[in-house]
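Colleague: I'd like to learn how to read a ligand site in a model like this one. Could you walk me through it?

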Amino acid sequence: MKFSLKRAAAGAAVTAVAALALTGCADTSGGESGGGEAASGDLSITLLPKNLGNPYFDASEVGASAAAEDLGAEFEQVGPTEATPDGQVSYINTAAQQGRSALVVSANDPNAICDALNEARDAGTKVVTFDSDTNTDCRDLFINQADTAGIAKVEGDLIAEQIGEEGQVAILSAAANATNQNAWNDALVEYVTETYPDIEIVDTVYGDDDDQKSFDQTAALLSKYPDLAGIVSPTTVGIAAAARYVSDSDFKGEVAVTGLGTPNQMREFIEDGTVEAFALWNPEDLGTLATYAAGALAAGDIEGAEGDTFTAGDLGEYTVGADGVVLLGDPFVFDESNIGDFDF
Ligand code: RAM
């Protein structure tokens, strides 16, 4: 049985979660190609993350390649080293030229890769976005990790609790055009403004899901806002870089860092007291769900219409909602009490 935050959030006992987590350890080897044998039914699935080398997407690939194997699909992961739309377009074109059955993509921009995706669709490739969506008219389905309002609420409540519900907060985001972070950030500003009147969100800066740039942006924020009480980073790359900077500075214990992170990247900062708590979903499950959805589309089992249902292996049955969106589940909060139970 695979470890699933969906099941964990549904109330499984922590000890059971721990046991499942240990058996569900992610192989973070990642790589350009997931391998896989040619399928009898000629099903072929390409996974295109925002960029390669990000442990979050390495975890998605583990779930995606296992689902592809279960479906008997030939599978590969490809992607740029930098999280840019231009970097993704050539891989989309190649997938179309190769006649891949389906492309599963996390978009670096909602518009800029649309023409390429629609050309691929015209050529017969089904397009599933996961993690970061495009406009609805250039993909067949979007596999959404968690609902935007839910992500904004968990981030807003975490930072509020960690700074005593007052003070200046800055956002350290991913790429400036990332669909997912931009939606979450807008919702976060709205939620915090309405819920915590004594918190002021003073700035949003972009680390481009690049470790060094995120680290440098953290330093710049702390120098620009000497009274900063906290940083919210809705990216696994950004939060880890911000925590690393703060952990090694006089700001440790003074400036709160929270947002969305992977347990393996954040463990040392929870253990050394830099970070109190942060949130995420299971990126491996997200890759699994997106790949089963791609398989169901490519096989003609579903069309991507509202109400269509499909089975995603051990994760169970899912239903397509409005605008072709399939929801994985709720975000999950990690802290000192549970971080030892997770390995991804
Ligand atoms: C980074 C990427 C990804 C996002 C996570 C939270 O790994 O930006 O798109 O969903 O953070």
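Modeller: Gladly! Let's begin with a term: a polar contact is a pair of N or O atoms within 3.5 Å. Keep in mind that this is a predicted model.

Colleague: How far is the polar side-chain atom of T236 from an oxygen atom of the ligand?

Modeller: That distance is 2.6 Å for T236. Taken alone, the ligand exposes 290 Å², and the protein buries 100% of this area. Two other side chains belong in this picture. An N or O atom in the side chain of Q181 is 2.8 Å from a ligand oxygen, and for N54 the corresponding distance is 2.9 Å.

Colleague: Which residues come nearest to the ligand?

Modeller: A residue is near a molecule if one of its heavy atoms lies within 4 Å of it. Here 14 residues surround the ligand, and those that come nearest are K50, D131, Q181, D209 and T236. By character, the shell has five nonpolar, six polar and three charged residues.

Colleague: Which helix gives the most to the shell around the ligand?

Modeller: That is α7, with three residues. Both α3 (55–71) and α7 (179–195) supply at least two residues each.

Colleague: And where does the ligand sit?

Modeller: Look in the largest cavity; the ligand sits there.

Colleague: Why does the ligand lie between domain 1 and domain 2?

Modeller: Because both domains give residues to the shell around the ligand: domain 1 (5–145 + 282–329) and domain 2 (148–280).

Terms used
Residues are numbered from 1 along each chain as its sequence is written. This is a predicted model: local features need pLDDT of at least 70, side-chain atom pairs count only at pLDDT 80 or more; totals for chains, interfaces and linings use all residues. Side-chain values use heavy atoms; hydrogens and water are left out. A polar contact is a pair of N or O atoms within 3.5 Å; within protein, one must be able to donate a hydrogen and the other to accept it, and residues adjacent in sequence count only if both atoms are side-chain atoms. Accessible areas come from the Shrake-Rupley method with a 1.4 Å probe; for residues, only the protein chains shown count as cover. On a 1 Å grid over the protein atoms alone, a cavity is a set of points where a 1.4 Å probe fits but cannot get out, and a pocket is an open set with protein on both sides within 12 Å along at least five of seven lines; lining residues have an atom within 4 Å of a point. A molecule sits in a cavity or pocket if more than half of its atoms lie within 2 Å of its grid points. Helices (H or I, at least four residues) and strands (E, at least two) are DSSP runs, numbered from the N terminus. Ala, Val, Leu, Ile, Met, Phe, Trp, Tyr, Cys and Pro count as nonpolar, Asp, Glu, Lys and Arg as charged, and the others, Gly among them, as polar. Domain bounds come from an automatic or database domain assignment.
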